[in-house]
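I opened this one with no background and just started looking things up. Here are my notes, in the order I made them.

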Amino acid sequence: MKIFGAKSNYFFAIIAFIFCFSPKADAQYDAQNISLLGHWYNPNTQAQASIGLKYNSVWGWVDIDDNREYAILGATDGTFFIDVTNPTAPVVIEAFGPFTSTSWREFKTYSHYAYAVTDGPDAGGLRIFDLQYLPDTVIQVRQTTAFFTKCHMPFIDEANARLYCAGTDTRNTGIIVLDLSTRPDSPSVLINQALPRGYV
């Protein structure tokens, strides 16, 4: 059975045209079903405009002891930990950096730890932050290049306490898996495996 023929391509072209030129597709119009509750303005943005300060990734973490919510925000030169429990008034708890300027920082959490990686020159390897002292402070408990210097994307299998690291400079055509089960603040290598199809 042929699913996509000339008529279906024509149909998709019309839909794309309507979407692209519809007033609702324009960024100046309000989005439907989404409400802006608050925003955070970095006071250093104006001062650092010359180096192109930008934001690139955000990850959320909830402290199950007091039900407070936090955002971990990546910027071109560092990392911010922001209390968003009251979404109308976000509060920066800690800021780490400046690090090497890059547009790629990624974060994942396991237990009360945050794992940060960077894909850029002199990226600094794996950074581990202890979140158990929030809402007062965040502590960086480890920075190591034992596994890699840069990493494109982490993923955590919480059920098995494993941190998967893809797109690293030490295993570019494969994957590194770290064990978080015994010492989540000091992981060890479970797998450092090349894969047959190249970059992951």
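Which strand gives the most to the lining of the largest cavity? I checked, and strand 6 comes out on top, with three residues. Before going further I noted that this is a predicted model.

**Entry: the cavity.** I found one cavity of 30 Å³ or more in the structure. Its volume is about 30 Å³. I listed the residues that line the largest cavity: T79, F99, R105, F107, A116, V117, T118 and R127. Strand 6 covers 113–118, and strand 5 covers 105–110; each of these two supplies at least two residues of the lining. I also sorted the lining by type and got four nonpolar, two polar and two charged residues.

**Entry: the fold.** I counted one helix and 12 strands in the protein chain. Reading from the N terminus, I meet the helix and then the strands, as α-β-β-β-β-β-β-β-β-β-β-β-β. For contacts between residues at least 6 apart in sequence, I got 38% joining residues at least 24 apart.

**Entry: inside and outside.** The protein chain has 200 residues, and I found 36% of them buried. It exposes about 12,300 Å², and I noted that carbon and sulfur atoms supply 55% of that area.

**Entry: confidence.** I looked up the pLDDT too: the protein chain averages 83, and 80% of the residues score at least 70. Residues 1–27 are a stretch where the pLDDT is below 50, and there I found seven contacts in the model beyond near neighbours in sequence.

Technical notes. Residues numbered from 1 in each chain as written. Predicted model: local features only at pLDDT ≥ 70, side-chain atom pairs only at ≥ 80, totals over all residues. Heavy atoms only, no water. 1 Å grid on protein atoms, 1.4 Å probe; cavity = no way out; pocket = protein on both sides within 12 Å on 5 of 7 lines; lining within 4 Å. Points joined across faces, edges and corners; volume = space filled by probe spheres on them. Helix = DSSP H or I, 4+ residues; strand = E, 2+ residues; numbered from the N terminus. Nonpolar A, V, L, I, M, F, W, Y, C, P; charged D, E, K, R; others polar. pLDDT = per-residue confidence, 0-100. Contact = heavy atoms within 4.5 Å. Buried < 20%, exposed > 50% of the residue type's maximum accessible area, 1.4 Å probe, protein only. Areas by Shrake-Rupley, 256 points an atom, 1.4 Å probe, with all protein chains shown as cover.
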